Amino acid sequence: MNHRTAYFFAAAIMLLNALAVQAAGIDSPFMTNVYGRDYQFLNGKWNAIVDLYDQGEKMKVYENRTPQTNEEFYEYSFEGGLRLNVPGDWNSQTPELKYYEGTVWYARHFDADPQPGERQFLYFGAVSYRSKVYLNGELIKEHEGGFTPFEVEVTGKLKQGDNFLTVQVNNRRTEDAIPALAFDWWNYGGITRDVMLVTTPDQYVRDYFVCLAGKDPKAVTVSVALAQPQAADVRIDIPELKISETVRTDAEGRAEVTLKTPKLQLWYPDRAKLYDVSITCGESTVSDRIGFRYLETEGTKILVNGEPVFMRSISFHEEIPQRKGRAFSQADAQMLLSEAAALGVNMIRLAHYPQNEYIVRLAEEMGIVLWEEIPIWQGIDFDDKNTEMKAQGMLREMIHRDMNRCAVCFWGVANETKPSASRNAFLMSLLDTGRSMDTTRLYVAAFDLVYFNEETRHFEMDDPFTENLDVVAVNKYMGWYHPWPVPPTEAVWDVVPDQPLIISEFGGESLYGQHGDRNVTSSWSEEYQARLYEDNLEMFHHIPNLAGVSPWILFDFRSPYRFHPTNQEDWNRKGLVSDQGYRKQAWYLMHDYYSEIK
Ligand code: GCB
């Protein structure tokens with residue numbers, strides 16, 4: 001076969017696959033809003049085998065065999081060994097696994113009672129980083145990406161009674177992964193979010209998007225997609241608005257309708273309003289809480305519902321510092337978000353990857369705007385087409401999961417990238433992917449190559465890619481990685497002057513309780529960090545197009561990048577709050593700043 005014919009066949013096969021997927025009605029990676037469905041958790045203690053040399057696949061550990069004859073023996077057993085909590089990272093569960101990067105096999109039994117006319121799906125909130133799922137010894141799913149969900153249908157594969165589920169999890173860093181070889185946070189491995197067995201009827205509402213119809217506070221647009229391509233009635237209920245409308249899907253099982261409503265109370269930052277919404281097809285109902293708002297930019301301003309909003313933001317990793325592990329529960333979300341709220345924020349930049357749904361949903365209830373991004377964090381191989389496809393997949397999964405979360409106002413496509421043709425093409429493909437799914441959000445990326453121009457005496461940046469974004473963001477560590485070229489009172493910015501600019505990171509490190517000279521960076525003192533905040537807050541007065549600020553970061557966080565033996569010890573100490581939960585001096589400055597501009 002010559003190249004052309006091979007290409008033709010490959011294209012034809014891809015087309016056929018796409019059509020087959022469409023014909024089955026399943027063209028989304030997982031059903032929308034799994035928490036609004038009928039499910040049982042498969043959380044709890046799972047058995048685990050640590051497989052540093054990757055022998056488990058060859059040994060078929062997923063078959064979970066035990067000797068049946070006098071001659072047989074197996075060099076593995078899931079019984080009697082390590083037990084790990086799910087959800088949870090493995091690193092924080094035993095000292096030996098603290099730095100572990102490799103394969104761990106997870107396994108558990110569970111009971112099922114599949115009924116005719118029902119479908120079942122296994123749903124994983126996130127597995128970090130690569131996973132292979134085996135049910136009763138059969139490989140049923142592979143997934144790559146540590147921060148987005150995946151699902152696999154198991155209808156017809158579940159046995160009545162006992163079933164055996166195995167997940168091979170691997171978190172080895174590689175050049176073609178996202179994030180890639182080095183990044184400034186802990187490379188937690190494991191089944192880090194909820195695992196669920198979801199039951200639906202044969203036909204069900206698979207996906208939906210409910211949002212304000214443009215800017216009209218008296219109309220709502222609802223799009224639905226059924227699991228099966230079929231014309232059927234779908235009822236949309238919003239009881240508080242006295243809406244109960246039935247629409248008919250087309251033969252593909254799709255419908256889009258704009259419903260007239262009484263005047264809606266819109267969702268605003270600091271003034272959340274959510275409505276109970278349910279969507280029913282036959283015997284299947286999915287329920288959600290949905291807010292309505294619209295976003296725009298006007299010159300250098302970010303507008304929510306037509307009103308300019310200055311983003312008083314903060315970042316945190318999906319980590320509970322006191323537990324030294326990943327955050328995964330409702331209680332964890334409460335701890336992270338209550339500390340963010342105490343600072344006076346109206347926005348959170350979720351660093352640097354989609355965080356769990358408990359965080360996203362609670363933030364929305366609290367009236368906190370979210371910026372969600374995929375982990376395109378420095379060091380990504382922009383020449384690798386396969387990496388580009390993966391990034392598109394991650395973006396799609398993130399948008400698909402949180403499309404209905406009105407709190408999410410920004411989709412972030414990258415953090416700290418350098419201009420190049422391949423970078424531009426890669427990021428453009430992400431913007432195209434995002435905009436093909438969702439045009440109701442603002443697209444943003446964070447850059448770090450702002451420099452001081454000695455001639456103009458201004459801070460400037462040369463990266464024409466910024467024109468493609470709705471909002472431009474800059475991470476700038478004045479007083480930490482960069483000494484001040486001029487006093488903060490003279491630090492005038494001329495960066496994307498006609499677009500809204502968010503300072504998406506600034507800060508410096510200090511060890512809680514360490515006191516020292518406020519003028520000496522290497523004192524790692526609370527005083528130096530506080531002074532750095534004073535200086536940066538002063539500089540912000542000289543950024544004419546400033547539309548928001550987001551200090552780096554709320555809590556000290558764990559990172560092997562940071563190995564100073566006494567000041568860091570594997571912690572990035574830029575937190576405004578220490579790993580033990582104590583507020584540092586800089587926290588109070590930031591708190592006052594946010595109180596003043598509220
Ligand atoms: C950055 C990165 C962030 C790091 C931070 C730092 O620019 O975006 O992930 O943790 O700097 O502390 O250096």
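Me: Where do Lys-385 and Glu-388 lie, and how many residues apart?

Reply: Both are in helix 5 (residues 385–402). They are three residues apart, about one turn of the helix. Helices and strands are DSSP runs (H or I over at least four residues for a helix, E over at least two for a strand), numbered from the N terminus. This model is predicted: local features need pLDDT of at least 70, side-chain atom pairs count only at pLDDT 80 or more, and totals for chains, interfaces and linings use all residues. Residues are numbered from 1 along each chain as its sequence is written, and side-chain values use heavy atoms, with hydrogens and water left out.

Me: What makes Lys-385 and Glu-388 a salt bridge?

Reply: The rule asks for a side-chain nitrogen of Lys or Arg within 4 Å of a carboxyl oxygen of Asp or Glu. The closest N and O atoms of Lys-385 and Glu-388 are 3.1 Å apart. That is within 4 Å, so the pair qualifies. By this rule the count comes to 42 salt bridges.

Me: Why is Lys-385 called exposed, and why is Glu-388 called buried?

Reply: Buried means under 20% relative accessible area, exposed over 50%, and partly exposed in between (1.4 Å probe, protein chains only). Lys-385 has 55%, so it counts as exposed. Glu-388 has 9%, so it counts as buried.

Me: Which residues are joined into one network by salt bridges that share partners?

Reply: The network holds Asp-288, Glu-357, Arg-361, Glu-364 and Arg-405.

Me: How do you know that Glu-373 and Arg-349 form a salt bridge?

Reply: Their closest N and O atoms are 2.9 Å apart. Glu-373 is in strand 27 (residues 369–373) and Arg-349 in strand 26 (residues 347–350), so the pair ties together parts that are 24 residues apart in sequence. Both ends are buried: Glu-373 has a relative accessible area of 1%, and Arg-349 has 0%.

Me: Arg-248 and Asp-233 form a salt bridge too. What makes Arg-248 exposed and Asp-233 partly exposed?

Reply: Their closest N and O atoms are 3.0 Å apart. The pair links Arg-248 in strand 16 (residues 243–248) to Asp-233 in strand 15 (residues 233–238), 15 residues apart. Arg-248 has a relative accessible area of 51%, so it passes the cut-off for exposed. Asp-233 has 41%, so it falls in between.

Me: What makes strand 2 and strand 3 a pair?

Reply: Two strands pair if DSSP finds at least two bridges between them. Strand 2 (residues 44–51) and strand 3 have five, in the antiparallel sense, so they pass. One bridge sets Trp-46 opposite its partner Leu-84 in strand 3.

Me: Why do strand 3 and strand 8 stand at the edges?

Reply: The open sheet has six strands in the order 3-2-4-10-7-8, with antiparallel pairing. Strand 3 (82–86) and strand 8 (138–144) each have a single partner strand, so one side of each lacks a neighbour in the sheet.

Me: How do you know that Val-104 is buried, and which residues is Val-104 in contact with?

Reply: Val-104 has a relative accessible area of 0%, so it is buried. It is found in strand 4 (residues 103–112). Contact means heavy atoms within 4.5 Å. Leaving aside neighbours within four places in sequence, Val-104 has contacts that include Ile-49, Leu-84, Trp-90 and Val-167. Val-104 and Ile-49 are 55 residues apart in sequence, yet 5.6 Å apart in space, C-alpha to C-alpha.

Me: Why is Thr-200 called buried?

Reply: Its relative accessible area is 4%, so it is under the limit. Thr-200 is found in strand 12 (residues 195–201).

Me: What area is buried between domain 1 and domain 2?

Reply: It is about 670 Å², with 61% from carbon and sulfur atoms. Buried area is the accessible area (1.4 Å probe) that two parts lose on being put together, summed over both. In domain 1, Phe-30, Met-31 and Val-34 lose the most, together 55% of what that side buries. The domain bounds come from an automatic or database assignment. They give domain 1 (3–34 + 203–293), domain 2 (44–86 + 88–192) and domain 3 (297–596).

Me: What is the phi of Lys-60?

Reply: It is positive, about 55°, although Lys-60 is not a glycine. Most residues other than glycine have a negative phi. Lys-60 is found in the loop between helix 2 (56–59) and strand 3.
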